[in-house]
Amino acid sequence: MLIQLEAREFDWEVAPGRVVRGFGFNGQVPGPSIEAQVGDTLAVELTNRLAEPTTVHWHGLRIPAAMDGTESVQRAVAAGETFRYSFVLPDAGTFWYHSHVNETEQVERGLYGALVVRGPDDPALDAERILLLDDLKLDETGEIASFGDPHEHHAGREGGLLLVNGRSDAGLEMAAGQIERWRVVNVANTRFVRLSIGAQIFAVIGTDGGLLPAPLRVREILVTPGERVDLAVGPFTEGEEIAIEALGYDRGKGETEPARLATLRVGAAEPSRAKLPDSLRRIEPLVSADVEPTRTIDMKALMHGGHGQRDTPVRVGELQVWELVNETGQDHPFHLHGFFFQVLDESAPTAWKDTVNVPRKQSVRVAWLPDDRPGAWMYHCHILEHHAMGMMAHFDVVR
Ligand code: C2O
Ligand code: CU
């Protein structure tokens with residue numbers, strides 16, 4: 001499969017009649033949804049029509065280092081240039097792609113899209129939709145607010161205009177009696193979304209690295225920047241009007257006001273053929289929760305470390321148990337490029353993740369096994385302003 005992506009400026013209509021100067025892949029936000037089967041080879045030709053360099057990072061894909069789309073593994077694609085990415089899609093799940101250069105601006109302006117990889121074990125539900133959750137910070141004139149406000153370096157950039165798939169106050173429709181799979185991605189620079197679907201119960205069936213072992217029934221779920229959740233939603237009754245909301249959450253900057261992302265209207269009933277099995281997948285735990293960490297990452301030091309930090313290399317095949325210690329006053333979504341980890345938390349199901357929130361004044365332990373993909377990798381906070389200010393480290397995977 002060959003996909004052409006052209007990064008360029010365009011008039012982004014965020015609401016009927018409201019246009020801002022966006023950066024989009026192929027002149028749209030989100031960029032085209034890429035849908036494939038596990039095992040497919042995906043080739044993407046990126047052409048840069050912006051006035052500044054860019055790259056594309058394939059968030060969550062376990063691909064060779066050279067294809068990771070960061071400036072540690074490639075020269076940024078200069079204005080007017082083309083770069084070809086090509087790799088095999090090893091895992092089924094909900095992934096996304098986004099710019100990895102001047103991200104705070106390029107991602108805010110819209111350089112992101114969904115990448116869905118289907119596998120043989122996907123449950124058969126009635127329908128499927130992709131929901132990319134975002135927010136936009138506008139100035140008094142209605143344009144995207146300028147970048148580099150010093151307050152944002154520390155607090156992150158949150159905007160008052162909430163977007164689903166690049167549109168504010170999106171109206172969604174769904175047939176009564178059906179169960180849908182919703183693939184949800186938080187693509188916001190900073191905003192944490194404590195997701196509620198009309199305060200009703202839904203099932204979480206997957207997360208960053210694909211299906212969970214079993215559906216988990218909840219009434220809300222926290223989705224931090226970079227994270228994905230796959231949900232089984234419904235059935236609803238005809239005539240219901242359901243608020244899809246970000247509930248209040250305090251990430252260390254005070255409790256946010258609940259805010260509506262979109263409204264779901266339930267139409268006439270359609271027959272359902274959905275089958276949600278009790279067991280979705282087997283995931284072997286990598287280690288038991290009380291194992292000794294092999295490395296401690298002090299997120300406070302990371303936050304104040306500045307650019308170019310290097311962490312010690314990791315050897316292929318050597319189990320990693322990382323203790324992520326957050327002594328700062330805010331939550332940080334920790335993202336590891338190119339590999340999945342398991343969060344060692346007895347209260348949560350075993351799952352494959354690439355991004356995990358480390359709440360303030362808490363620690364989170366993760367385990368992962370570097371498979372044979374040597375090269376330059378990185379981890380960072382997925383609050384893009386924190387990443388930009390240097391809350392990141394490079395490390396090598398070596399044989
Ligand atoms: Cu989605 Cu380096 O990140
Ligand atoms: Cu952070």
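**A walk through the predicted model**

Cysteine 381 is buried, and histidine 386 is buried too. This is a predicted model, and these two residues lead straight to its metal site. Cys381 and His386 both coordinate the copper ion (ligand 2), together with His332. The cysteine donates through SG, and each of the two histidines through ND1. The distances run from 2.0 to 2.1 Å. Along the chain, the donors of this copper ion follow the spacing H-x48-C-x4-H.

Cys381 also belongs to strand β28, which covers residues 375-381 and holds tyrosine 379. Start from that tyrosine to reach the aromatic side chains. Tyrosine 379 is part of one aromatic cluster with Trp322, Phe334, Phe339, Phe341, Trp368, Trp377 and Phe395. The structure as a whole holds 15 aromatic pairs. One of them is formed by phenylalanine 334 and phenylalanine 341. Their centres are 6.4 Å apart and their planes stand at 50°, a tilted arrangement. Are these two rings buried or exposed? Phenylalanine 334 has 0% relative accessibility, so it counts as buried. Phenylalanine 341 also comes out at 0%, and so it is buried.

Next, take tyrosine 379 and phenylalanine 395. Their ring centres lie 5.9 Å apart and the planes meet at 35°, so this pair is tilted. The two rings link distant parts of the chain. Tyrosine 379 sits in β28, phenylalanine 395 in strand β29 (residues 392-398), and 16 residues separate them. Tyrosine 379 has a relative accessibility of 2%, so it counts as buried. Phenylalanine 395 is at 0%, so it is buried as well.

A charged side chain meets this cluster. Arginine 373 lies over the face of phenylalanine 339, 4.3 Å from the ring centre, and Phe339 is one of the cluster members. Another arginine is placed over a ring elsewhere in the chain. Arginine 157 lies over the face of phenylalanine 147, at 4.0 Å from the ring centre.

Now turn to the nonpolar cores. The largest one has 32 residues. Which of them touch the most other members? They are Trp182, Leu195, Leu231 and Leu261. Strand β20 (residues 259-269) supplies the largest share of this core, with five residues. Leucine 231 shows how such a residue is surrounded. Beyond its neighbours up to four places away in sequence, leucine 231 touches Glu180, Arg181, Trp182, Val184, Leu195, Ile197, Phe202, Ala203, Val204 and Ile205. Another core lies apart from this one. That second core has 28 residues, including Ala7, Ala36, Leu42 and Ile283.

Threonine 94 offers a polar example. It lies in strand β7 (residues 93-99). Its relative accessible area is 1%, so threonine 94 is buried. What does its side chain meet there? A polar contact of 2.8 Å joins it to the side chain of arginine 183. Neighbours within four places in sequence aside, threonine 94 is in contact with Leu115, Arg183, Val185, Asp208, Arg228 and Asp230.

The backbone has its own points to check. Valine 29 and proline 30 are joined by a cis peptide bond, with omega about -10°. Proline 30 lies in the loop between β2 (18-25) and β3 (34-37). A cis bond also runs from glycine 234 to proline 235, with omega near 5°. Proline 235 lies in the loop between β18 (228-233) and β19 (241-247).

Two residues other than glycine have a positive phi. For asparagine 102, phi is near 40°. This residue lies in the loop between β7 and α1 (103-108). Its relative accessibility is 34%, so asparagine 102 counts as partly exposed. For aspartate 169, phi is near 50°. Aspartate 169 is found in the loop between β11 (167-168) and β12 (170-176). With a relative accessible area of 57%, aspartate 169 is exposed.

Note on methods: Residues numbered from 1 in each chain as written. Chains lettered and ligands numbered in written order. Predicted model: local features only at pLDDT ≥ 70, side-chain atom pairs only at ≥ 80, totals over all residues. Heavy atoms only, no water. Core = buried A, V, L, I, M, F, W, Y, C linked by side-chain atoms within 4.5 Å. Buried < 20%, exposed > 50% of the residue type's maximum accessible area, 1.4 Å probe, protein only. Helix = DSSP H or I, 4+ residues; strand = E, 2+ residues; numbered from the N terminus. Contact = heavy atoms within 4.5 Å. Donors = N, O, S within 2.8 Å, 3.2 Å for Na, K, Ca; no water. Polar contact = N/O pair within 3.5 Å; in protein donor to acceptor, adjacent residues only side chain to side chain. Phe/Tyr/Trp six-rings, centres within 6.5 Å; stacked < 30°, edge-to-face > 60°. Lys NZ or Arg CZ within 6 Å of the ring centre and 35° of its normal.
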